[in-house]
Amino acid sequence: MITPFRRLWVSLSLSSLGDWLGLLALMSLAAILTRDSGSFAQYAAVSGAAVLKLAPPILFSPFAGLLVDRVDRRLTMVAGDALRALLYISVPLVGRIDWLLVAAFLTAIATLFWSPAKDAIVPDLVPQAKLRQVDRIGLVTGYGAAPVAAAVFALLASVSALLAGLFPPLDTPAADLALYANGVAFLAAAAVDWGLPGPKPGVAGQPAGSGGPLPTGGTEPPTTPQAPTTPPTADLPAPGDDEKTEQIAPLGSSDDERTEQINHLGAGEETTEEIPHLDAGEETTERVAHLGAGEETTERIPTSEAPPQAEGADRGQRKQEASAPRTPPSHGPPSSVSGQPGQPPRQGAASARTAVAPGRVPENMLRTFWDGVRFAGITPLVRGLLLGMLGAFATSVVVIGVGRVFVDRLGGGNAGFGVLFAAVSAGMALGVFVGPRVLRSFSRRRLFGLSVAVSGAALLLTGLIPNMVLAAVLTSIAGVGVGIAWIIGMGLLAQEIEGELRERTLAFLHTAARVLLLVALTVAPLVAGLIGDHRLDVRDLGYDVLGTGVVLVLAGLTALLLAVLSYRQVDEGSEVPLLTELIAVLRGVPVGPEKEDETLPGTFIVLEGGEGAGKSTQAGQLAVWLRDEGFEVVTTREPGSTKLGMRLRALLLDKEQTGMSPRAEALLYAADRADHVAQVILPALRRGAIVISDRYMDSTLAYQGAGRELSVEEIRRINEWATDALVPDLTVLLDVPPAAGLARLGGATDRIESESEEFHDRVRAGFRQLAEGEPERYLVVDARGAQEEITREIQRRVRPILPDPVPQDAEAITGMMPIIKE
Ligand SMILES: Nc1ncnc2c1ncn2[C@@H]1O[C@H](COP(=O)(O)OP(=O)(O)O)[C@@H](O)[C@H]1O
Ligand SMILES: Cc1cn([C@H]2C[C@H](O)[C@@H](COP(=O)(O)OP(=O)(O)O)O2)c(=O)[nH]c1=O
């Protein structure tokens, strides 16, 4: 069955393919039609076609969005596709350059109206759970179509040449076939659009904007056709669905929707255990699946394995109740992101991206631009990133601007242009894809500068050595450089700035990229035309100086210069020289003499403090924030985060367990910690996650050391052994007078909480003493303050120690790559 969703997918793919193919074919035909009019006219025609096709969306997209709000979206889509089909077919039939230019402009206008109609129709056709997937499909079809279109173009050009060879009467310009094919693709898209469901009853005739919550972020209940009848999980596995990403709840979702999986590999047994997150002290149940010999079971067990009489077991319950009004506990599967409590419906990933999508935020482009420029001046890092990203992007676009004439001079013709275009765009796509994965232990900031430089060097060589095959290889390398720089730059920018400023800066980036694109496409061919082609004869050796080649060399040099400038701004000034670090990373050895032990890519943050200080609350808040920032976060706690730990916890907190000797108690906490580090913390840190633990070693030093009056030094030694000396990167001490903390909990309940007031006073003093000993590794916060203020204070302290981002949400960030066609 063809679902509306699939129809949409087919239609989007056809349109994207057609758009790219159209751009290539029009540029090619422009070159062919003006071949006899002198080289300058030829350059002007090629860049004219490109500019007329690309400029309207850049200049007018906000206005088109407003107009489309008043008409039927489906019909707008059908009309947009049909019109483009007719225009593309008309170009080779008329066969005149002036009509070609007019048609290029008109197709762009058609796209201008088609795009917002498509954006508005998406939420009507797609259940909320799939919006994210649609986002991704939009990106894949948007960018992925570029190299495919280029390949198709090269193929059609070759077929065309072959046909002309076999049947001389068919000797039409080689781009004709591509344009006809393009017309057919758009006709097909129009037919597919026709089959999309029309406006729903009640919504009919309503303006697109008010029915489509995507641009407005509306809060009406889901009205998608599938949503009410299909359970959210049932429609998840679909083509291209990525389980991992689905499990990561969309930005802004409440923390309790997320679960993490920890794999324990035991003797012949594999256990996948989903542990609860500490979200405002809330504990959810946990599902443990044992995969034994051919047997699979899923059992639900309570979080605390303590016997019923253990007071400790009630704590989770009580906390859950306390926080219930704020975020109702969710026992649902992690993927049920639709219908989230406390979340306005349909404010998923799709709207997160729309917030910065082109043409929406920059309502006043000039203001956006100006704000961006002003902000860019604030930090060197931001300045350097913008400089490098825009520079790399703009210079590589030059390849497309001069490419058509360049390959003509190299005897590449249409097929050659297709190959060149495919090389650049596939390179960019590859760069964006591998960027976060390449040289993981190498500094992201340095890799950023290097990628820009690599793309510059590749362009330089392309211009210097006019050879078709080399050009294809080198331009794809340039593309990879741009892609990597772009994805890393986006990640670093997102980490450096937040809130409204971030959106503005991203909007600026987007606008600037599009403007630069236009400038590069206009100016580059014209400069090439002005330079002209010459032949240098040095004694017997002749060298062809091509105008296009010179422009590529200039673009390469500019990119190299920008790479140096931006590298200077961006590099954090590590003592290890760039080359040393690079070589070390390539050889797979740790960098620098001081890091002889295993270097853990993750970050370890611990919250410490007395009872009721707000540790779980703050751990939850911190986790939500960091996840929104795109990090993988593991929240955990002591005691009791492993299977063994749960049993120890039950023993340790059971009030019936009277007369436990202090040393035994200290050793049991240390045993719990040893298991916790080995099973949960280290694996997460090794894969680069941020681990947030509610209590760690300092609790034992304070409670069993200061509180039980054992030797703090001895306990430290035992714990260093237990944890293999794993020290947190940051410990946040929430300092609160014991009475105030215990009062928040509504009185003492477990074995430790029921200790005397003096005991808790000693514990508090113990914590403070630890923090005073190592002020650079601690943040001490007065936990009597307002919860939100404490959260902000912690964020301020955490921000500088965050690792370079490895965006999991690569697709959301990729969305910021300027789309040429839209
Ligand atoms: N800054 C604060 N001011 C007032 N109450 C708070 C604050 N932080 C947390 N609470 C409340 O205090 C209680 C205990 O907080 P919790 O985070 O569970 O502490 P801990 O994990 O340190 O025992 C909860 O009911 C929580 O809502
Ligand atoms: C980790 C740790 C906890 N404890 C005590 C402190 C708490 O009273 C108890 C942990 O119980 P828990 O319910 O986790 O308390 P909280 O929410 O305050 O973290 O165990 C120690 O005495 N030593 C330790 O090393």
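## Exercises on a predicted model with ligand 2

The shell around ligand 2 is made up of five nonpolar, four polar and eight charged residues, where Ala, Val, Leu, Ile, Met, Phe, Trp, Tyr, Cys and Pro count as nonpolar, Asp, Glu, Lys and Arg as charged, and the others, Gly among them, as polar. This is a predicted model, in which local features need pLDDT of at least 70 and side-chain atom pairs count only at pLDDT 80 or more, while totals for chains, interfaces and linings use all residues. Residues are numbered from 1 along each chain as its sequence is written, and chains are lettered from A and ligands numbered from 1 in the order in which they are written.

**Exercise 1.** Describe the surroundings of ligand 2.

Step one is to take the residues near the ligand, a residue being near if its C-beta atom, placed from the backbone, lies within 6 Å of it. Ligand 2 is surrounded by 17 residues, and the closest are Tyr669, Ser699, Thr700, Tyr703 and Ile752. Step two is to assign elements: α20 (615-628) and α23 (697-707) are the ones that give two or more residues to this shell, helices (H or I, at least four residues) and strands (E, at least two) being DSSP runs numbered from the N terminus. The largest share, four residues, comes from α23.

**Exercise 2.** Place Gly609 and Glu611 in the fold, and decide whether each is buried or exposed.

Begin with the record: the unreviewed UniProt entry has a "binding site" annotation that covers Gly609, Gly610, Glu611, Gly612, Ala613, Gly614, Lys615 and Ser616, and such annotations, given in the numbering used here with shortened feature names, may be inferred rather than shown by experiment. Gly609 belongs to strand β7 (residues 603-609), whereas Glu611 sits in the loop between β7 and α20.

Next, count neighbours, with a residue called buried if 20 or more other C-beta atoms lie within 10 Å of its own, exposed if 12 or fewer, and partly exposed in between, the C-beta atoms being placed from the backbone. Gly609 is buried because 27 other C-beta atoms lie within 10 Å, and Glu611 is buried because it has 21 C-beta neighbours inside 10 Å.

Finally, list contacts, which require C-beta atoms, placed from the backbone, within 7 Å. Setting aside neighbours within four places in sequence, Gly609 is in contact with Lys615, Leu733, Leu734, Asp735, Val736, Phe767 and Ala783. With residues up to four places away likewise left out, Glu611 touches Pro738, Gly741, Leu742, Leu745 and Glu753.

**Exercise 3.** Compare the settings of Arg695 and Asp724, each with a positive phi in a residue other than glycine.

For Arg695, phi is near 80 degrees, and the residue lies in the loop between β9 (690-694) and α23; it counts as buried because it has 23 C-beta neighbours inside 10 Å. For Asp724, phi is near 55 degrees, and the residue is placed in the loop between α24 (712-723) and β10 (730-735); Asp724 counts as exposed because it has 12 C-beta neighbours inside 10 Å.

**Exercise 4.** Where should the coordinates be read with caution?

Start from the mean pLDDT of the chain, which is 74, with 70% of its residues reaching 70 or more; pLDDT is the predictor's confidence in each residue, from 0 to 100. Over residues 200-363 the pLDDT is below 50, although this stretch has 284 contacts in the model beyond near neighbours in sequence. Where pLDDT is low, the predicted coordinates should not be read in detail.

How values were computed:
Contact = placed C-beta atoms within 7 Å.
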